[in-house]
Each structure stands twice: as structure tokens, then as C-alpha cells.
Amino acid sequence: MADRINRIKELLIIKGMSQRELADKLGENPNTIAAICNNKAQPHLVDLKKIAKVLDVNIKELLVLNTW
């Protein structure tokens, strides 16, 4: 299952934002964001809410893959 899609990583690409930029906006260590984007760590719900706000998306978009 190494090819699992990570919605946060995908949305960063769509929004034209780097992992480092996201880390800076969240006040997080860039290594933490990299681990989340590479499916090595799972963010806490509070962090998911912050990520959704920074990316200007509904939190559901971080959890569910839209297939349209």
C-alpha cells in the first residue's frame, strides 16, 4: 500500500504551497509536516482543523478522496 494518496500532500500541490510554507503558517516543524505528507505520522484532529483552515478547504477534504 505504498502508493496511498495523501490528501494533504495533494492539496498542497493544488494550492501551490510547499510543505515548508504550511509548516511556517502552522508554527510546526517542517519535519512534522513531511512525516504527515509521507504517511509516516497522523495529525491530531486539532491540527487537521488548522491545516484545513490554512489550505482553505473543508476538513472533510483532508479525510475523503473526492472521485469526480
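User: What makes the crossing of α1 and α4 left-handed rather than right-handed?

Analyst: The crossing of α1 and α4 is left-handed, a word used if the near helix is turned anticlockwise from the far one by less than a right angle, whereas clockwise would make it right-handed. The model is predicted, so local features need pLDDT of at least 70 and side-chain atom pairs count only at pLDDT 80 or more, while totals for chains, interfaces and linings use all residues. Residues are numbered from 1 along each chain as its sequence is written, and side-chain values use heavy atoms, with hydrogens and water left out.

User: How do you know whether α1 is roughly parallel or roughly perpendicular to α4?

Analyst: Their axes (lines fitted to C-alpha atoms, for helices over the stretch in contact, with angles from 0 to 180 degrees between N-to-C directions) come within 11 Å and cross at roughly 15°. This makes α1 roughly parallel to α4, because angles under 35 degrees count as roughly parallel, over 145 as roughly antiparallel, 65 to 115 as roughly perpendicular and the rest as oblique. The contact (heavy atoms within 4.5 Å) involves Ile8, Leu11, Leu12 and Lys15 of α1 together with Leu48, Ile51 and Leu55 of α4.

User: What classes of residue make up the contact of α1 with α4?

Analyst: There are 6 nonpolar, no polar and 1 charged residues, where Ala, Val, Leu, Ile, Met, Phe, Trp, Tyr, Cys and Pro count as nonpolar, Asp, Glu, Lys and Arg as charged, and the others, Gly among them, as polar.

User: How is α2 set against α4, roughly parallel or roughly perpendicular?

Analyst: The axes of α2 and α4 come within 10 Å and cross at roughly 115°. That angle makes α2 roughly perpendicular to α4. The residues in contact are Leu22, Lys25 and Leu26 of α2 and Lys50, Ile51 and Val54 of α4, and by class they comprise 4 nonpolar, no polar and 2 charged residues.

User: Which residues of α2 are buried, and how do you know on which side they lie?

Analyst: Within α2, residues 19–26, the buried ones are Leu22, Ala23 and Leu26, where buried means under 20% relative accessible area, exposed over 50% and partly exposed in between, with a 1.4 Å probe and protein chains only. These residues cover an arc of only 100° around the axis (the arc of the directions from the helix axis to the C-beta atoms), which puts them on the same side of α2. The face turned away from that buried side carries the exposed residues Arg20, Asp24 and Lys25, and what covers the buried residues includes α1, α3 and α4.

User: Why do Ile14, Asn39 and Asp56 count as buried, partly exposed or exposed?

Analyst: Ile14, in helix α1, has 58% relative accessibility and therefore counts as exposed. Asn39, in the loop between α3 and α4, reaches 28%, so it counts as partly exposed. Asp56, in the loop between α4 and α5, is exposed because its relative accessible area is 63%. Asn39 has a positive phi of about 60° although it is not a glycine, and phi of Asp56 is near 55°, likewise positive in a residue other than glycine.

User: How many helices and strands does the protein chain have?

Analyst: The protein chain has 5 helices and 0 strands, where helices (H or I, at least four residues) and strands (E, at least two) are DSSP runs numbered from the N terminus. Of its 68 residues, 28% count as buried.
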